[in-house]
Amino acid sequence: MIDDITAARDDALAAVANAENPDAISAVETTTLGKRGRLATLKTQLGTLDTIDAKREAGRALNDAVTEVTAAVERRRDALRAADDAARIESERIDLTETTSRPTRGHRHLVTQAWERLEDVFVGLGFQVAEGPEVESDWFNFEALNMGEHHPARNEFDTLFTDHVPPGGRPGSAVLRTHTSPVQIRTMLDDEPPIYIVAPGRVFRRDTPDATHLPVFHQIEGLVVDEGISMAHLAGTIEAFTKAFFGSDFTSRLRPSYFPFTEPSAEFDIRTPRGDWLELGGCGMVHPNVLRHGGIDPERWSGFAFGFGIDRMSKERHGVVDIREMFTDDIRFVEQF
Ligand code: FA5
């Protein structure tokens, strides 16, 4: 009997040690410790032993065997579970230091790229960069630019007003600047001629967004005030800029137009190598009233000014169909430039 118990125990311990998965362990449990298992069967045979001592000895050996096998089963189960957890953790591990390619770097927005190149090109032509506030007084945005209170041209700038009351101003006289032209006045008041500046900046209009309009967009203003400045200087500067910015196979032209702050006024267009004409912006000789508002004597000094939309220019330059796409933050769009 004792030999049978020892054999059953040793077989069970060997099977547990070799068990590779929970099912194999459960099988050993059933065949050794279960109701009809080997040790239970031996227990039912205790009554066949002759002496009390033999029964006691066999009973103790049986209990010991059950305890030993049960403990071995538990230990093996724990070990398998730990190995299983370790394997899962390993398979789910993400090595944050490991990358298959270089990290992608962002780049400047299309409009910022154009803005910076415009500055570079004009600085190369001898201009300085100036700036002005985005919240302007009515005086700088309109009045000083020869658009009095009832001037009809005001209607063309769909103006956004603010509650802010500028120093010395009256309620309702602060606007979000509708163009960069007020920087002309600020520069003339701050600096003595000769003046050669460009002023890129953000402007605002109550325009409904569509394929060519944004309510918030960007313009670049140019202003030259010097002795003997004529329309020929304006045309020459626009042409030099066109070639430097777009390439030597582009040319420019001026078309008569009207702006209250320039006289004469013109629109300027550029011609692409394919022969299409693109309208870029407005320009003209600075109106004598505007020079006077800037504290400059129009008898001695003359000047020209120009202004055009940066967003619309980069839209045309890159063949973007809808200007609104440039501000959607869609990475598939942005990545192309
Ligand atoms: C002006 O704003 C004048 N200040 C330009 C000027 C400066 C003329 C100096 C003479 C001397 P205009 O309203 O046409 O002009 O606007 C100039 C350019 O801004 C347009 O040619 C266009 O490129 C751009 N623009 C105008 N409205 C929008 C808009 N809603 N969205 C995007 N671009 C616009």
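How many bridges join β3 to β4? In this predicted model, 2 bridges join the pair, and the strands run antiparallel. Leu160 of this pairing has Leu176 in β4 as its bridge partner. β3 and β4 belong to an open sheet of 3 strands. Its order is β2-β4-β3, and the pairing is antiparallel. β2 (135-137) and β3 (160-161) are the edge strands of this sheet. Each of them pairs on one side only.

Another open sheet has 7 strands. The order is β1-β5-β6-β10-β9-β8-β7, with mixed pairing. Strands of a sheet pair through backbone hydrogen bonds, either parallel or antiparallel. The edges are held by β1 and β7 (251-259). Each has a single partner strand, so one side of each is left without a neighbour in the sheet.

At one edge, β1 (residues 128-129) pairs with β5 in the parallel sense, over 2 bridges. Val129 has Val198 in β5 as its bridge partner. On the next pairing, β5 and β6 run antiparallel and are joined by 10 bridges. Two of the partnerships can be named. Ile195 is bridged to Val225 in β6. Tyr196 is bridged to Val224 in β6. β5 is mostly covered, with 8 of its 10 residues buried.

At the other edge, β7 and β8 pair in the antiparallel sense over 8 bridges. Leu254 stands opposite Phe268 in β8. The hairpin that joins β7 to β8 passes through 2 residues. β8 also runs antiparallel to β9, and 8 bridges join these two strands. Here Ala266 has Cys283 in β9 as its bridge partner. The hairpin of β8 and β9 has 5 residues between the strands. Within this hairpin, Gly275 takes a positive phi near 100°. β8, like β5, is mostly covered: 7 of its 10 residues are buried, against 8 of 10 in β5.

The largest nonpolar core has 35 residues. Leu118, Phe241, Phe306 and Phe308 have the most contacts inside this core. Both helices and strands contribute. The elements that give two or more residues are α5 (110-124), β5 (195-204), β6 (216-226), α8 (231-246), β8 (262-271), β9 (277-286), β10 (302-309) and α10 (310-317). Among these, α5 gives the most, with 6 residues. Phe241 shows how distant parts of the sequence come together. Leaving aside neighbours within four places in sequence, Phe241 is in contact with Leu118, Val121, Phe122, Leu125, Phe246, Leu280 and Phe308. A second, separate core has 23 residues. Phe142, Met147, Ile185 and Val286 are included in this second core.

His179 was examined next. This residue is found in the loop between β4 (174-176) and α7 (182-190). Is His179 buried or exposed? The relative accessible area of His179 is 3%, under the 20% limit, so the residue counts as buried. Its contacts come from several parts of the chain. Not counting residues up to four places away in sequence, His179 touches Asn141, Leu145, Met147, Phe157, Val203, Arg205, Gln219 and Phe261. Of these, Met147 is also in the second core. The side chain of His179 reaches the backbone oxygen of Asn141 at 3.1 Å. The side chain of His179 also makes a polar contact with that of Ser181, at 3.4 Å.

The ligand site includes His179 as well. In total, 24 residues surround the ligand. The closest are His179, Ser181, Arg205, Asp207 and Leu214. A polar side-chain atom of His179 lies 2.9 Å from a nitrogen atom of the ligand. Gln219, which His179 touches, places a side-chain N or O atom 3.1 Å from an oxygen atom of the ligand. Gly309 approaches through the backbone: one of its N or O atoms there lies 3.4 Å from a ligand oxygen atom. Taken alone, the ligand exposes 680 Å², and the protein buries 92% of that area.

Conventions: Residues are numbered from 1 along each chain as its sequence is written. This is a predicted model: local features need pLDDT of at least 70, side-chain atom pairs count only at pLDDT 80 or more; totals for chains, interfaces and linings use all residues. Side-chain values use heavy atoms; hydrogens and water are left out. A nonpolar core is a set of buried Ala, Val, Leu, Ile, Met, Phe, Trp, Tyr and Cys residues joined through side-chain atoms within 4.5 Å. Buried means under 20% relative accessible area, exposed over 50%, partly exposed in between (1.4 Å probe, protein chains only). Helices (H or I, at least four residues) and strands (E, at least two) are DSSP runs, numbered from the N terminus. Contact means heavy atoms within 4.5 Å. Two strands pair if DSSP finds at least two bridges between them. A polar contact is a pair of N or O atoms within 3.5 Å; within protein, one must be able to donate a hydrogen and the other to accept it, and residues adjacent in sequence count only if both atoms are side-chain atoms. A residue is near a molecule or strand if one of its heavy atoms lies within 4 Å of it. Accessible areas come from the Shrake-Rupley method with a 1.4 Å probe; for residues, only the protein chains shown count as cover.
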